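Here's a friendly walk through one protein model and the ligand it holds. Take a look at the picture first, then read on.

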Amino acid sequence: MRLGVVVSGKGSNLRNLVERDFDVVAVATNRPSCGGAAYARERGIPLGELSLKRFSSEEERDEAMREFFKAHGVELVVDAGYDRIHTRPFLEAFRGRIINVHPSLLPQFGGGMDAVEQALVAGVDVTGATVHLVTEDLDGGPILTQERVPVLKGDTVETLRGRIHEAEHRILPAAIRLLEAKLAQSPAVGQ
Ligand code: GRF
């Protein structure tokens with residue numbers, strides 16, 4: 001399946017997908033200076049540089065992202081560290097075909113960008129990573145896969161985040177394969 005990946009950060013999930021030979025046909029970013037964008041350039045993957053300042057609204061930016069992905073024949077959108085919320089024009093165009101990776105066991109610690117910090121502050125023994133379908137309900141779409149990650153004594157945000165990333169690098173590929181299989185059975189989903 002032709003993947004469009006959306007990044008705002010380091011891009012380790014993007015790199016992992018490319019290294020595992022997933023068909024990443026396009027990368028979009030709202031932060032052209034981020035590590036994920038640099039990796040896309042380095043690999044020669046078509047990159048949509050969609051800073052908000054180029055547009056008059058989030059909707060307009062999302063229309064540009066939609067057109068960019070459509071032009072590259074994207075069939076499944078992977079939010080891999082995207083730090084914005086998709087608006088309606090984008091959600092409607094790819095309904096049932098957008099997934100997100102989140103660094104907690106949703107619904108725990110959903111809705112923000114500091115789930116790893118929240119887990120440490122809450123003092124939980126176990127946190128983890130989740131891949132879910134993206135809907136209007138922020139971090140609340142149907143869950144595809146999760147992996148538990150124990151919180152160890154002496155963990156810092158960095159050490160815990162590192163182990164959560166390792167889990168993400170396992171479950172994101174697994175979730176893509178799962179969704180590919182589901183969509184192959186019922187291709188009408190999301191169209
Ligand atoms: C991941 O922890 C993901 O769960 C969150 O953003 C982070 C992205 O990491 N949404 P990377 O840019 O793929 O390294």
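What follows covers the ligand, the pocket around the ligand and two spots in the backbone.

This is a predicted model, where local features need pLDDT of at least 70, side-chain atom pairs count only at pLDDT 80 or more, and totals for chains, interfaces and linings use all residues. Residues are numbered from 1 along each chain as its sequence is written, and side-chain values use heavy atoms, with hydrogens and water left out.

Let's start with the ligand. Around it you'll find G9, K10, G11, S12, N13, G81, V101, H102, P103, H165 and E168, each with a heavy atom within 4 Å of the ligand. By type, this shell has two nonpolar, seven polar and two charged residues; Ala, Val, Leu, Ile, Met, Phe, Trp, Tyr, Cys and Pro count as nonpolar, Asp, Glu, Lys and Arg as charged, and the others, Gly among them, as polar. At least two shell residues come from each of α1 (12-19), β5 (98-102) and α6 (157-185). Helices (H or I, at least four residues) and strands (E, at least two) are DSSP runs numbered from the N terminus.

Here are some polar contacts of the ligand (pairs of N or O atoms within 3.5 Å):

| Ligand atom | Protein partner | Distance |
|---|---|---|
| oxygen | K10, polar backbone atom | 3.2 Å |
| nitrogen | V101, polar backbone atom | 3.0 Å |
| oxygen | E168, N or O atom in the side chain | 2.4 Å |

On its own, the ligand has 370 Å² of accessible area (Shrake-Rupley method, 1.4 Å probe), and the protein covers 89% of that.

And where does the ligand sit? In the largest pocket, meaning that more than half of its atoms lie within 2 Å of the pocket's grid points. A pocket here is an open set of points on a 1 Å grid over the protein atoms alone, where a 1.4 Å probe fits, with protein on both sides within 12 Å along at least five of seven lines; lining residues have an atom within 4 Å of a point. This pocket holds about 800 Å³ of space, and of its 33 lining residues, G81, Y82, V101, P103 and M113 are closest to the centre. α6 gives the most to the lining, with four residues.

Now for the backbone. The peptide bond from L106 to P107 is cis, with omega near 10°, and P107 is in the loop between β5 and α5 (115-122). D21, though not a glycine, has a positive phi near 65°.

Technical notes: A polar contact is a pair of N or O atoms within 3.5 Å; within protein, one must be able to donate a hydrogen and the other to accept it, and residues adjacent in sequence count only if both atoms are side-chain atoms. Grid points are joined across faces, edges and corners, and a volume is the space filled by probe spheres set on the points.
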